[in-house]
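Trainee: I am new to this structure and would like to go through it step by step. Could you show it to me before we begin?

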Amino acid sequence: MSGTIVVTGTDTDVGKTVFAAALAVALGARYWKPVQAGLADGSDAGSVVELGVDPAKVVPEAYRLNTPCSPHRAAEIDGVTIDPARLALPGDGPLVVEGAGGVLVPLTRAWSFGDQAAAWGQPVVLVARTALGTINHSLLSIEALRARGVPLLGVAFIGDAVEDSEAVIAEIGKVRRLGRLPRLADLNAVTLAAAFAAHFDVEDFR
Ligand SMILES: Nc1ncnc2c1ncn2[C@@H]1O[C@H](COP(=O)(O)OP(=O)(O)OP(=O)(O)O)[C@@H](O)[C@H]1O
Ligand SMILES: [Mg+2]
């Protein structure tokens, strides 16, 4: 499907939702979190609206699971099985898809998010911290994506600048550095759009 970008990360809580919201706004794209695990503290679809995504551009989740844990387990607890056939990309036009957790997170006991990304075959952005530990987590994620034949657009960093870590991931991982979103003390739709415009080139994602 043309104009789809899949956002994954090196970990849960790394900043995928914040980055995906900024990207969707910059591209005028729809946003889709196909599998949401954990509903009590709000959903990522709700968060992106707070960060500036037009609610009309939020595609409803395919699975809304109650428990904040790995999707395979959250589904089991709710008595459902995630069926990859229900994860077909919705409609035409620009779309930003946010994955659950990281690349090897299981959607079922036999199907990971990385397997799903390979099935979609659309360009993937890996969101990574700049903080200590990121080199290992980023390179592992890159290997796991490549092992599945997933097209990797590049890495989007989140956090304070750590030039050597960002450079060495790009060099060893043979991957493009798309930019770095700084930690925003006051995170809102206005500050996020400005930070994205200052630190990324939207044309890299078209
Ligand atoms: N650039 C940023 N500036 C300030 N706060 C940020 C930034 N990026 C992420 N955060 C905060 O860090 C936390 C985790 O970010 P986020 O929800 O985007 O992670 P995630 O990778 O989408 O997590 P999940 O795996 O649950 O989907 C949130 O509280 C978010 O507001
Ligand atoms: Mg998220």
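Mentor: This is a predicted model, and a good place to start is the magnesium ion (ligand 2), whose donor residues are spaced in sequence as T-x26-D-x53-E.

Trainee: Which residues coordinate the magnesium ion (ligand 2), and at what distances?

Mentor: The spacing of the donor residues begins with a threonine, passes to an aspartate and ends with a glutamate. In the model these are Thr17 through OG1, Asp44 through OD and Glu98 through OE, and they coordinate the magnesium ion (ligand 2) at 2.0 to 2.2 Å.

Trainee: How many residues apart in sequence are the parts that threonine 17 and aspartate 44 tie together?

Mentor: Threonine 17 belongs to helix 1, which covers residues 16-27, while aspartate 44 belongs to helix 2, which covers residues 44-50. The two side chains also make a polar contact with each other, at 2.9 Å. Because the two residues lie in these two helices, the pair ties together parts whose separation in sequence is 27 residues.

Trainee: Are threonine 17 and aspartate 44 buried or exposed?

Mentor: A residue counts as buried when its relative accessible area is under 20%. Threonine 17 has a relative accessible area of 12%, and aspartate 44 has one of 16%. By that cut-off, threonine 17 is buried, and aspartate 44 is likewise buried.

Trainee: Turning to ligand 1, which residues come nearest to it?

Mentor: Ligand 1 sits in the largest pocket, and the largest share of the shell around ligand 1, three residues, is supplied by helix 1. Of the 15 residues around ligand 1, the ones that come nearest are Thr12, Asp13, Lys16, Thr17 and Leu184.

Trainee: How far is a polar side-chain atom of arginine 183 from a nitrogen atom of ligand 1?

Mentor: It helps to take the oxygen atoms of ligand 1 before the nitrogen: an N or O atom in the side chain of threonine 12 is 2.7 Å from an oxygen atom of ligand 1, and a polar side-chain atom of threonine 17 also lies 2.7 Å from an oxygen atom of the ligand. For arginine 183, the partner is a nitrogen atom of ligand 1, and the distance is 3.2 Å.

Trainee: What percentage of the accessible area of ligand 1 does the protein cover?

Mentor: The starting point is the accessible area that ligand 1 has on its own, which is 630 Å². Of this area, the share covered by the protein is 76%.

Trainee: What is the phi of aspartate 13, and where does this residue lie?

Mentor: Aspartate 13, one of the residues that come nearest to ligand 1, counts as exposed at 70% relative accessibility. Aspartate 13 lies in the loop between strand 1 (4-9) and helix 1. Although it is a residue other than glycine, aspartate 13 has a positive phi, near 70°.

Trainee: Where is lysine 174 found, and what is its phi?

Mentor: Lysine 174 counts as exposed, at 68% relative accessibility, and is found in the loop between helix 6 (163-173) and strand 11. Lysine 174 is not a glycine, yet its phi is positive, at about 50°.

Trainee: How far apart in space are arginine 177 and alanine 75?

Mentor: Arginine 177 has its place in strand 11, residues 177-181, and is partly exposed with a relative accessible area of 34%. Along the sequence, arginine 177 and alanine 75 are 102 residues apart, and in space, from C-alpha to C-alpha, their separation is 35 Å.

Technical notes
Residues numbered from 1 in each chain as written. Chains lettered and ligands numbered in written order. Predicted model: local features only at pLDDT ≥ 70, side-chain atom pairs only at ≥ 80, totals over all residues. Heavy atoms only, no water. Donors = N, O, S within 2.8 Å, 3.2 Å for Na, K, Ca; no water. Helix = DSSP H or I, 4+ residues; strand = E, 2+ residues; numbered from the N terminus. Buried < 20%, exposed > 50% of the residue type's maximum accessible area, 1.4 Å probe, protein only. Near = heavy atom within 4 Å. Polar contact = N/O pair within 3.5 Å; in protein donor to acceptor, adjacent residues only side chain to side chain. Areas by Shrake-Rupley, 256 points an atom, 1.4 Å probe, with all protein chains shown as cover. 1 Å grid on protein atoms, 1.4 Å probe; cavity = no way out; pocket = protein on both sides within 12 Å on 5 of 7 lines; lining within 4 Å. Sits in = over half its atoms within 2 Å of the grid points.
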